[in-house]
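Here are some worked exercises to try with the model open beside you. Attempt each task before reading its solution.

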Amino acid sequence: MVPRWSDVGEYRFCPEYRFCPMDMSRKPDTNHLLYHPSFEHDSCGVGFVANINGTPSHWILEKAVEAVVNLTHRGAVDADAKTGDGAGILTQIPFRFFQSESGKLGIPLVQPGSIGVGMVFFPREDTEARTVCKKIVEQVVQDQNLPLFGWRKVPVNSLVLGDKARQTEPEIQQVLLGKRPEHSPDEFERTLYLIRREIENRVEERAIEGFYIPSFSSRTLVYKGLFVAPELKGYYLDLRRSDFQTALAVFHQRYSTITFSTWFLAQPFRMLAHNGEINTLQGNRNWMRAREPELSSPLWKERVERIKPIITPRGSDSASLDNSLEAIERSGRDILHSMMMLVPEAYQNTPNMDPDLKGFYEYHSCLIEPWDGPAALAFSDGRFVGATLDRNGLRPARYKVTDDGVILMASEVGVVELDDARVIEKGRLGPGKMIAVDTLQGKILKNDLLKDEIKFRRPYRRWVESQMIRCPGLQSLSQFQSSGLIFDEKELIRQQKAFGYTREDIERILIPMARDSKEPVGSMGDDTPLAVLSQRSRLLYSYF
């Protein structure tokens with residue numbers, strides 16, 4: 001049967017065939033659909049929990065899982081009551097866990113920082129595509145001269161999934177990689193990023209659908225999926241093991257607005273989890289794409305071409321921000337600096353802001369535009385874990401600190417039961433503010449402290465003052481000289497009619513503005529025709 005297509009605006013809709021992005025085996029022809037990936041926005045539950053002193057424990061993992069379960073109301077549930085919009089956690093690499101697994105796989109005993117773990121989603125039904133993807137992974141790793149220890153099939157319990165989630169469930173495996181002796185930890189992490197981007201580009205060239213890499217790192221690991229939060233631990237059996245230990249965990253429960261859900265759009269992403277929307281998204285994506293021909297880095301050199309495009313196609317707003325954060329952080333800046341670049345405070349019209357901090361923001365505004373929400377973001381690179389609000393400040397982010405060195409931040413109060421007698425500090429983030437934990441040095445970094453350190457890393461203020469050329473501002477109306485034209489009453493009325501002014505404009509708008517300095521504000525409905533449809537002459541600005 002030939003489908004019947006109905007025109008609906010820019011997209012076309014076929015009653016017999018409805019594309020659902022959860023079917024990752026098919027690439028959407030977005031020119032003929034009501035759905036488009038650019039509509040992807042989230043309204044979610046998000047947060048992190050950490051041991052400030054950096055000591056790994058299974059308790060931190062348990063509290064992260066408890067928190068995301070208590071955020072279940074933040075997520076949507078399908079009619080089968082099991083398929084959700086996605087939930088997940090980001091943790092440090094659990095080295096005790098992988099030391100135990102290394103014996104089973106017959107690989108060398110791993111040491112902290114010496115192993116990279118790639119969490120990989122393969123197409124489940126298409127065995128040929130799965131074989132091709134695995135060969136691509138192995139070939140790219142070999143090209144980078146990294147030891148490939150082997151593959152580990154991640155144990156899962158598919159019975160907890162809803163029908164729709166099970167239809168698109170990927171084959172989930174972990175690839176275990178070794179570090180070359182000459183690699184520093186940062187260079188090892190950078191190489192893993194390069195490998196992942198190369199793999200993704202090769203798979204994209206072959207138009208293979210259903211392949212995705214949630215994480216590929218020597219520092220962090222992501223477990224996520226298309227299920228409701230209470231089934232996170234029920235699905236991933238690894239999370240039940242007591243030797244799965246971490247000093248930090250970022251958790252997320254997804255609620256996608258006006259869009260569909262897929263396994264790969266579940267959060268956290270590789271470095272962040274997000275509650276809210278990025279309303280500047282189209283401009284952010286376009287500017288990142290426009291800059292790609294001019295990208296250069298002493299760390300990447302000629303390899304910079306292999307990490308393009310920076311923002312991968314068909315991602316949500318959160319995924320695009322995560323792509324940008326990861327590229328900036330991997331190119332030499334730490335994650336705190338990178339977040340300040342991407343999500344700055346409101347500084348342009350803030351007279352009381354510290355001039356050096358304002359210089360930092362002005363300098364980086366020449367490099368990249370702000371990603372504006374409303375947005376609350378939790379982020380981690382495996383050492384730092386933190387949270388920030390965009391400059392609108394329209395998403396909640398509350399935190400508590402206990403006397404035994406635990407910090408909990410979440411999008412709402414009560415996600416984890418903490419003994420109030422042990423809480424030594426509580427607070428909430430304001431617009432553009434940030435809080436972070438350095439698990440290596442065992443410190444909480446408050447907004448002013450961490451930004452004071454970052455703003456003095458380079459003489460940003462001096463660079464801006466000496467190198468930025470500013471255009472002169474526009475004259476105010478009071479500076480303009482009148483031409484001295486004076487109309488008699490008859491000519492004045494003729495001019496007013498010619499230019500579309502009405503008696504109401506004169507009496508209700510212009511006179512109060514001139515006489516009382518009042519803004520013309522009304523509370524009644526307006527049934528005036530749209531200017532473009534009106535049969536009368538209208539003021540020019542009425543058309544806009």
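**Exercise 1. The nonpolar cores**

Task: In this predicted model, find how many residues the largest nonpolar core has and which residues have the most contacts inside it.

Solution:
- Step 1. The largest nonpolar core holds 49 residues.
- Step 2. Tyr 223, Tyr 236 and Phe 251 have the most contacts inside this core.
- Step 3. Next, ask which element gives the most to the core: helix H1, residues 58–70, does, with six residues.
- Step 4. Now take Tyr 236 and list its partners, leaving out residues up to four places away in sequence: Tyr 236 touches Met 119, Phe 121, Val 154, Pro 155, Val 156, Ile 172, Tyr 223, Lys 224 and Phe 227. Tyr 223, one of these partners, is also among the residues with the most contacts inside the core.
- Step 5. Apart from the largest core lies another, of 40 residues, and its members include Trp 300, Ile 328, Val 343 and Phe 384.
- Step 6. For background, nonpolar side chains in soluble globular proteins tend to be buried together.

**Exercise 2. The chain as a whole**

Task: Work out what share of the chain counts as buried, and how many helices and strands the chain has.

Solution:
- Step 1. The chain has 544 residues, and 50% of them count as buried.
- Step 2. Its secondary structure comes to 14 helices and 20 strands.
- Step 3. Take the contacts with a separation of 6 or more: residues 24 or more positions apart account for 74% of them.

**Exercise 3. Two residues to classify**

Task: Decide whether Leu 176 is buried or exposed, and do likewise for Thr 191.

Solution:
- Step 1. Place Leu 176 first: it lies in strand S8, residues 171–178.
- Step 2. The relative accessible area of Leu 176 is 1%, so Leu 176 is buried; the cut-off for buried is under 20%.
- Step 3. Look at what surrounds Leu 176. Beyond residues up to four places away in sequence, its contacts include Phe 98, Leu 105, Ile 107, Ile 115, Val 117, Pro 147, Leu 148 and Phe 149.
- Step 4. Leu 176 and Gly 118 are 58 residues apart in sequence, yet their C-alpha atoms are 6.6 Å apart in space.
- Step 5. Turn to Thr 191, which lies in helix H5, residues 185–205. Thr 191 counts as buried because its relative accessibility is 2%.
- Step 6. Leaving out residues up to four places away in sequence, Thr 191 touches Gln 144, Leu 146 and His 183.

**Exercise 4. Two helix pairs**

Task: Find the angle at which H7 and H8 cross, then the angle at which H9 and H10 pack.

Solution:
- Step 1. H7 covers residues 281–291 and H8 covers residues 317–330; their axes come within 11 Å and cross at roughly 35 degrees. The crossing is left-handed.
- Step 2. On the H7 side are Leu 281, Arg 285 and Met 288, which meet Asp 317, Ser 320 and Ser 324 of H8. By class, this contact has two nonpolar, two polar and two charged residues.
- Step 3. The spacing of such lists fits a general rule: an α-helix has 3.6 residues a turn, so residues three or four places apart point the same way.
- Step 4. H9, residues 335–342, and H10, residues 355–365, pack at about 75 degrees with their axes 9 Å apart. H9 and H10 are therefore roughly perpendicular to each other.
- Step 5. His 337, Met 340 and Met 341 of H9 meet Leu 357, Phe 360, Tyr 361 and His 364 of H10. This contact has five nonpolar residues, two polar and no charged.
- Step 6. The buried residues of H10 are Leu 357, Gly 359, Phe 360, Tyr 361, Glu 362 and His 364. Their cover includes H9, helix H11 and helix H12.

**Exercise 5. Backbone exceptions**

Task: Find where Pro 309 lies and which residue a cis peptide bond joins to it.

Solution:
- Step 1. Most residues other than glycine have a negative phi, and most peptide bonds are trans.
- Step 2. A cis peptide bond joins Lys 308 and Pro 309, with omega about -5 degrees. Pro 309 lies in the loop between H7 and H8.
- Step 3. The loop between H7 and H8 also holds Arg 314, whose phi is positive, near 65 degrees. Arg 314 counts as partly exposed because its relative accessibility is 27%.
- Step 4. The bond from Gln 267 to Pro 268 is cis as well, with omega near 5 degrees. Pro 268 is in the loop between strands S12 and S13.

Conventions
Residues are numbered from 1 along each chain as its sequence is written. This is a predicted model: local features need pLDDT of at least 70, side-chain atom pairs count only at pLDDT 80 or more; totals for chains, interfaces and linings use all residues. Side-chain values use heavy atoms; hydrogens and water are left out. Axes are lines fitted to C-alpha atoms, for helices over the stretch in contact, and angles run from 0 to 180 degrees between N-to-C directions. Helices (H or I, at least four residues) and strands (E, at least two) are DSSP runs, numbered from the N terminus. A crossing is left-handed if the near helix is turned anticlockwise from the far one by less than a right angle, and right-handed if clockwise. Contact means heavy atoms within 4.5 Å. Ala, Val, Leu, Ile, Met, Phe, Trp, Tyr, Cys and Pro count as nonpolar, Asp, Glu, Lys and Arg as charged, and the others, Gly among them, as polar. Buried means under 20% relative accessible area, exposed over 50%, partly exposed in between (1.4 Å probe, protein chains only). Angles under 35 degrees count as roughly parallel, over 145 as roughly antiparallel, 65 to 115 as roughly perpendicular and the rest as oblique. A nonpolar core is a set of buried Ala, Val, Leu, Ile, Met, Phe, Trp, Tyr and Cys residues joined through side-chain atoms within 4.5 Å.
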